[in-house]
Amino acid sequence: MLFCIGYRPFCMANKHGCTGKAVKMASVVFTFEENKITAHIAGEIDHHAAAALRLEIDERIISATPKKLVFDMASVSFMDSSGVGLILGRKRLLESFGGVTVITAVKSAVQRMIILSGLQAMLEGQEEIKKEVNV
Amino acid sequence: MKKQNTMKLQLDSRSVNESFARSAVAGFVAQLDPTLDELADIKTAVSEAVTNCTVHAYPGTLGKVYITVKLFGDGVVSITVADKGVGIEDVKKAREPLFTTGDKAERSGLGFAVMESFMNTLKVYSAPGKGTRVLMSKKLAERG
């Protein structure tokens, strides 16, 4: 299933409800396993994109109340501190019903933000990043 | 430190302009041949500064964001992000990591900490009602 977030430049008009207004943003696709939702995020996570991503992700979380939420960051090419707020906000939401949130597949573009904000503890795998110290 | 090139940009404080702002600055800085990491640092810092303008400077209304980028011959990039918004009452407090006047559940309060960490210098000039001016610079590593 593909859920389009807002307007994307290369989105066929009316395919995902896009109007074709061209602004590159983030998108998210979900995969569901037993008690686990993985949010595969693609694109750039900033304050503008985070607002739309938050709505999409929360809708899935609230209807499924999974035990685990995975942020798959493999296709995230940029993230500022708004992305940190997005992740921490979802972590709190999951905790409200006893779920856990983890982050996977962080690329170098996102790595410094993860380290600076102390989110390494949420990483699943990528032990080498966890060892890096916040400077 | 001879000035080599200058760029000025004026934008509405719409959140949709955040990605344009950082991309435009990155495109201009590219002529100094920065590394990918340096460019990512600059993009992130600009994104934080412009986000502050869209989130905090003009509550409930739209205003202008003014960006000036100066490139110097010795590889120094100087970036100013300014607004004519409400200003900051306590700049020292605003710069503390995790401090935010925004929605505590969704805002990380890391904006200034990120700018400080990803750039070499950060100065914040502000007063209530007088707008805010963020001046930051980064020295790119010598190449070749």
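# Close-up views of a predicted two-chain model

**Figure 1. Chain B is built from four helices and five strands.** Keep in mind that this is a predicted model. If you start at the N terminus of chain B and walk along, the elements come in the order β-α-α-β-β-α-α-β-β. The C-alpha trace of chain B spans about 45 × 25 × 25 Å along its principal axes. How does the radius of gyration of chain B compare with that of a compact globule? For 144 residues, such a globule would come out near 15 Å, and chain B has 15 Å, so the two agree.

**Figure 2. Here we look at what chain B tucks away and what it shows.** Of its 144 residues, 52% count as buried. Chain B still exposes about 7,000 Å², and carbon and sulfur atoms supply 52% of that area. As for charge, you can look for 20 positive and 16 negative side chains in chain B. Take the centre of each of these two sets, and you'll find the centres 7 Å apart. Now pick out the contacts in chain B between residues at least 6 apart in sequence: 66% of them join residues at least 24 apart.

**Figure 3. Gly111(B) sits in helix 4 of chain B, which covers residues 111-118.** Is Gly111(B) buried or exposed? It is buried, because its relative accessible area is 11%, and anything under 20% counts as buried. Leaving out residues up to four places away in sequence, Gly111(B) touches Glu48(B) in its own chain and Ser81(A) in the other one. Arg133(B) is 22 residues from Gly111(B) along the chain, and their C-alpha atoms are separated by 14 Å.

**Figure 4. Chain A has four helices and four strands.** Read from the N terminus, the elements of chain A go β-β-α-β-α-β-α-α. Chain A has 135 residues, and buried ones make up 50% of them. About 6,400 Å² of chain A is exposed, with carbon and sulfur atoms supplying 56% of it. Of the contacts in chain A between residues at least 6 apart in sequence, 55% join residues at least 24 apart.

**Figure 5. Strand 3 and strand 4 of chain A run parallel.** Strand 3 covers residues 68-79, and strand 4 covers residues 100-104. How many bridges join these two strands? There are five. To get your bearings, find Lys68(A), which stands opposite Val100(A) in strand 4. Why can we say that strand 4 of chain A is largely enclosed by the rest of the structure? Because four of its five residues are buried. While you're looking at strands, here's a handy general point: in a regular strand, the side chains alternate between the two faces of the sheet.

**Figure 6. Glu132(A) lies in the segment after helix 4 of chain A.** That helix covers residues 127-130. Glu132(A) has a relative accessible area of 39%, so it is partly exposed; that label goes to values between the buried limit of 20% and the exposed limit of 50%. Which residues does Glu132(A) touch, not counting those up to four places away in sequence? They are Gln111(A), Ile115(A) and Gln120(A). Now hunt for Met25(A), which is 107 residues from Glu132(A) in sequence. From C-alpha to C-alpha, Glu132(A) and Met25(A) are 29 Å apart in space.

Conventions: Residues numbered from 1 in each chain as written. Chains lettered and ligands numbered in written order. Predicted model: local features only at pLDDT ≥ 70, side-chain atom pairs only at ≥ 80, totals over all residues. Heavy atoms only, no water. Rg over C-alpha atoms; globule rule 2.2 N^0.38 Å. Buried < 20%, exposed > 50% of the residue type's maximum accessible area, 1.4 Å probe, protein only. Contact = heavy atoms within 4.5 Å. Areas by Shrake-Rupley, 256 points an atom, 1.4 Å probe, with all protein chains shown as cover. Lys, Arg positive; Asp, Glu negative; His and termini not counted. Charge placed at Lys NZ, Arg CZ, Asp CG, Glu CD. Pairing = 2+ DSSP bridges.
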